[in-house]
Amino acid sequence: ISVFRGGYEIGAAAVLLGTQDHPTPLGTFPILQKKRHNISSIYNVRMPYTMRLTWAGIAIHASEVENGYASHGCIGTPEGFAAKLFAIVQKGDKVIITRGKRIGVGDPIVS
């Protein structure tokens, strides 16, 4: 994950993404909701620092990021990074999910 503000990268971290069966969607999404202490209503697991991208359950949130792990479509970030990101983003900020293509224009954008 790369975070940009004013065209400059201000942070980056390794993340978990979805699988073929539960892919992380590509596209541009606004942050719809922020929830510091969240528990998944589908999987009954902690999802601290949730930044909801879709009403269908896709979000950026803190997760254990380890090689071989995957999500059910969310973007899982290390908890410290998620906390910092949660502190600077606002509802409505744009998130761009790509297949590695970097886009660095505008306010907080994630790619």
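Strand 1 and strand 2 form a hairpin in which two residues lie between the strands. Glycine 6, in the turn, has a positive phi of about 60°. The model described here is a predicted one. Strand 1 comprises residues 2–5 and strand 2 residues 8–12, and the two pair in the antiparallel sense over four bridges. Among the bridge partners, arginine 5 is matched with tyrosine 8 of strand 2, and phenylalanine 4 is matched with glutamate 9, also of strand 2.

Strand 2 also contributes to the surface. Isoleucine 10 is found in this strand. Its relative accessible area is 48%, so isoleucine 10 is classed as partly exposed. Together with Tyr8 and Ile88, Ile10 forms a nonpolar patch on the surface. The three residues of the patch have about 320 Å² of accessible area together.

Helix 1 spans residues 79–88. Within helix 1, the residues Phe81, Ala82, Leu85 and Phe86 are buried. These four lie on the same side of helix 1, because they cover an arc of only 135° around the axis. Lys84 and Ala87, on the other side of helix 1, are exposed. The cover over the buried residues of the helix includes strand 1, strand 2, strand 4 and strand 5. Strand 6 (59–62) and strand 7 (75–77) are also included in that cover. The hairpin strands described above are therefore among the elements that cover the buried residues of helix 1.

The structure holds one salt bridge. It is formed by glutamate 79 and arginine 46, whose closest N and O atoms are 3.9 Å apart. The pair links distant parts of the chain, the two residues being 33 residues apart. Glutamate 79 belongs to helix 1, whereas arginine 46 belongs to the loop between strand 4 (33–35) and strand 5 (50–52). The two partners were also examined for accessibility. Glutamate 79 has a relative accessible area of 38% and is therefore partly exposed. Arginine 46, with a relative accessible area of 58%, is exposed.

The loop between strand 4 and strand 5 also holds tyrosine 49. Most residues other than glycine have a negative phi. Tyrosine 49 is not a glycine, yet it has a positive phi of about 55°. The relative accessible area of tyrosine 49 is 12%, so this residue counts as buried.

Tyrosine 49 recurs in the contacts of two residues of strand 6. One of these is histidine 61, which is placed in strand 6. Histidine 61 is buried, because its relative accessible area is 9%, under the 20% limit for that class. When residues up to four places away in sequence are not counted, histidine 61 touches Met47, Pro48, Tyr49 and Thr50, among others. Its contacts also include Cys74, Ile75, Gly76 and Thr77, as well as Ala82.

Alanine 62 likewise lies in strand 6. At a relative accessible area of 4%, alanine 62 is buried. Neighbours within four places in sequence left aside, alanine 62 is in contact with Met47, Pro48, Tyr49, Thr77, Glu79 and Ala82. Glutamate 79, the salt-bridge partner of arginine 46, is thus one of the contacts of alanine 62. The C-alpha atoms of alanine 62 and threonine 77 are separated by 4.9 Å, although these residues are 15 residues apart along the chain.

Isoleucine 75, one of the residues touched by histidine 61, was also considered in relation to isoleucine 97. Isoleucine 97 is placed in strand 8 (residues 94–97). With 9% relative accessibility, isoleucine 97 counts as buried. Its C-alpha atom is separated by 9.5 Å from that of isoleucine 75, and the two residues are 22 residues apart along the chain.

The loop between strand 6 and strand 7 contains glycine 68. In contrast to the buried residues of strand 6, among them histidine 61 and alanine 62, glycine 68 counts as exposed, at 72% relative accessibility. Glycine 68 and leucine 16 are 52 residues apart along the chain, and 9.0 Å separates their C-alpha atoms.

Note on methods
Residues numbered from 1 in each chain as written. Predicted model: local features only at pLDDT ≥ 70, side-chain atom pairs only at ≥ 80, totals over all residues. Heavy atoms only, no water. Pairing = 2+ DSSP bridges. Buried < 20%, exposed > 50% of the residue type's maximum accessible area, 1.4 Å probe, protein only. Salt bridge = Lys/Arg side-chain N within 4 Å of Asp/Glu carboxyl O. Patch = residues over 30% accessible without salt bridge, like charges linked within 9 Å, V, L, I, M, F, W, Y side chains within 5 Å. Areas by Shrake-Rupley, 256 points an atom, 1.4 Å probe, with all protein chains shown as cover. Arc of directions from axis to C-beta. Contact = heavy atoms within 4.5 Å.
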